[in-house]
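Biologist: Could you walk me through this one, step by step? I would love to hear the reasoning behind each answer.

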Amino acid sequence: MRRVVVYIALVLFSFLCLVPIAWLVVSAFKANPDFHVYAFMPPADRLTLSNFPSLFRQMPFLRFMMNSFFVAGVTVIVQLFFSSLGGFALAKYVFAGKKVIMGVMLATMMIPGPVLLAPMYELIYHLGLIDSHLGLIVPGMVNVFGMFLFRQSIVSVPDEMLQAARIDGCNEFQIFWHVVLPVSRPMIGAFCLIAFMGTWNSFLWPQIILQSSDRFTLPIGLNQMVGVYEADYGAMMSGTLLAVLPVVVLFFLLQKEFIAGLTKGAVKG
Amino acid sequence: MADIAFRGVNKIYPNGFQALHDLDLEIQDGEFLVMVGPSGCGKSTTLRMLAGLEDISSGDLLIAGERVNGLHPAARNIAMVFQSYALYPHKTVQGNIEFPLRMAKVPKDEVKARALKVARMLELEPLLNRKPGLLSGGQRQRVAMARALVRDPVAFLLDEPLSNLDAKLRVQMRAEIAALQQRTGTTTVYVTHDQVEAMTMGDRVAVFKAGCLQQVDTPQRLFERPVNTFVGSFIGSPSMNLIASYVESAGDGLALTLAGERISLAHGLEARFDDPIGSAGLVVQVGLRPEDVIDPHLVGADQRLHGRVVMTELLGREQMVYLNLRDGTRVVARLHADRRLHSGEAIAIGIDPARLYLFQADGRSLTYR
């Protein structure tokens, strides 16, 4: 009986989560006038594919997508490298001030992002990175959350394995590269997905930093379609649908690792 | 291959705990040395210092005459097999075996050839493409051995490598390791807490207690000539019985008062005392191995002890008999099983004074130093 109640609750919750996605899919095929007539699904004969050509006519969608791929791809790779390296140091080395450093790192996670916008803008301005993709990549290079995520994962790697690698001729970086990183594969999958989604969907910071339209990422580009007096919701929804597809594909590619990474350590043995 | 020498080596941890006291130990080229002792005795610490995984607080560690105190583990050209095997789970058996050679930047053709040769030697060839997760305990153990052997190291360090195996496999692997060491002739240092492993495998055995080396000698000499009660009772299974006693004058010789009974020390045993005449009244501990208990009918009345059986353990042709002597001292005797004994039964046991071990009150041997 209890199981039935749990299943009903889960189904309801899943339904709630799926409603916006279903609405997005339907809206991508809805003609603009129908947005004000049909709240959700118009009659099937009124569905149209015309939003997609309209989208590509109105904006350099592929360009925006490539920009997003570039920024998210580079950010994820750099973040992955530094987060796993930092996590390795925190998990497996004893050094002076380690607890203090970890405390400071945790404290930085408690500062709300918008508070840092102004000082970060000033920093990026002085670095001469305004209106550049580097201005998006550099502030995201080091991810404290990622370091803690990897620390938790790497703590469970047996010390004897690292010592065996040391005896087998590895220096400390080679131990990280040849042993620690490969055995942390589930966490890498989970982290890549989280980091990619964060960067891919990032709106506020790119909106502040980017000025030239040929450097816009997808969320900024799509937002340009909202005019003062009118908005082409159909094209915008088709663009949004196309924009979420890479994240969905990535999730299905990494879902095995993602689930394993999130549940790692939850079950003994 | 190389000689290894510890000269006055100490290990003190930052919290002040001293894990090793003034260790002096020489290991000969090609020798199989077993370090044995109870948990926390410093044997693994010694091995880890030899591997370069632990710093040496003071003293010198020499390999082939060269001081290696601060040398990185990789630079020592030493191979180690860990208790957990420490295989790389993401690599195949072949990848694991080849890894040390790849790190040493050995040419690819040579890497393959050497890995294959070692895999053949350890009968791992059919398993080369499997990952460690799909191997049995014994197979993993062999992979760990292969990974160590492939480097052609100057010394082979093994840290309780058999303790995760079941009893049958342990006996089999014990013989395999000993045979492998004889074939390769590589200096081998083997750590275990199992005295049977120590006695059956090593050319010499080093016994540790509380960070101090107690005695290092061949297995037979350790058994026959223990320098103190710790070594006497640690080596041998079941343990040597230790009975508080004192020396008395008996006519023109000496006698021992053991558990309220007098055992004559005729048969030249007085020679074990530095000053036989002056030894009367000396408080000693007497070591009696369970297998040295003999049929009371074979000895005179002055070489018998009496007691009551507490329990027996039947082991096929033999039985372990636990008995309380007259003063309540508990001893164990290994007797023939042809006559079954029962709890509460009064029996006599025979003592051959020539096979008794005599220790001073502080535990040091009166005879062997």
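Modeller: Happy to; we will take two sheets of chain B and then the contact between the chains, bearing in mind that this is a predicted model.

Biologist: Which strands stand at the edges of the four-stranded open sheet of chain B?

Modeller: The strand order in that sheet is β2-β1-β4-β5 (chain B), with antiparallel pairing. A strand at an edge has a single partner strand, so one side of it is left without a neighbour in the sheet. In chain B that describes β2 (18–27) and β5 (66–67).

Biologist: And what angle does helix α1 of chain B make with β1(B)?

Modeller: Helix α1 covers residues 43–51 of chain B and packs on this sheet. The strands touched by the helix are β1 (4–12), β2 and β4 of chain B. Between the direction of α1(B) and that of β1(B) the angle is about 115°.

Biologist: Which residue stands opposite B:Leu62?

Modeller: Strand β4 of chain B spans residues 58–63, and two bridges pair it with β5(B) in the antiparallel sense. The residue across from B:Leu62 lies in β5(B), and is B:Arg67.

Biologist: Now the five-stranded sheet: which residue of β12(B) faces B:Val247?

Modeller: This open sheet is antiparallel and runs β13-β12-β11-β14-β19 (chain B), with β13 (261–264) and β19 (357–360) at its edges. Its neighbouring strands are turned by 40° against each other on average, direction ignored. Strands β11 (residues 241–250) and β12 (residues 253–258) of chain B are joined by six bridges. Opposite B:Val247, in β12(B), stands B:Leu256.

Biologist: Let's turn to the interface: what share of the buried area do carbon and sulfur atoms give?

Modeller: The contact draws 16 residues from chain A and 23 residues from chain B. In chain A, the residues losing the most area to chain B are A:Glu160, A:Ile167 and A:Asp168, together 43% of what that side buries. Of the roughly stated total, about 1600 Å², carbon and sulfur atoms give 62%.

Biologist: Which residues form the salt bridge between the two chains?

Modeller: The count between chain A and chain B is one salt bridge, alongside six residue pairs in polar contact. Its N to O distance is 3.7 Å, which falls within the 4 Å cut-off. The partners are A:Asp168 and B:Arg147.

Biologist: Last one: which helix gives the most to the side of chain A that touches chain B?

Modeller: Both α8 (159–167) and α9 (172–183) of chain A supply at least two residues there. By class, that side has eight nonpolar, four polar and four charged residues. With seven residues, the helix giving the most is α8(A).

How values were computed. Residues are numbered from 1 along each chain as its sequence is written. Chains are lettered from A and ligands numbered from 1 in the order in which they are written. This is a predicted model: local features need pLDDT of at least 70, side-chain atom pairs count only at pLDDT 80 or more; totals for chains, interfaces and linings use all residues. Side-chain values use heavy atoms; hydrogens and water are left out. Two strands pair if DSSP finds at least two bridges between them. Contact means heavy atoms within 4.5 Å. Axes are lines fitted to C-alpha atoms, for helices over the stretch in contact, and angles run from 0 to 180 degrees between N-to-C directions. Buried area is the accessible area (1.4 Å probe) that two parts lose on being put together, summed over both. A salt bridge is a side-chain nitrogen of Lys or Arg within 4 Å of a carboxyl oxygen of Asp or Glu. A polar contact is a pair of N or O atoms within 3.5 Å; within protein, one must be able to donate a hydrogen and the other to accept it, and residues adjacent in sequence count only if both atoms are side-chain atoms. Ala, Val, Leu, Ile, Met, Phe, Trp, Tyr, Cys and Pro count as nonpolar, Asp, Glu, Lys and Arg as charged, and the others, Gly among them, as polar.
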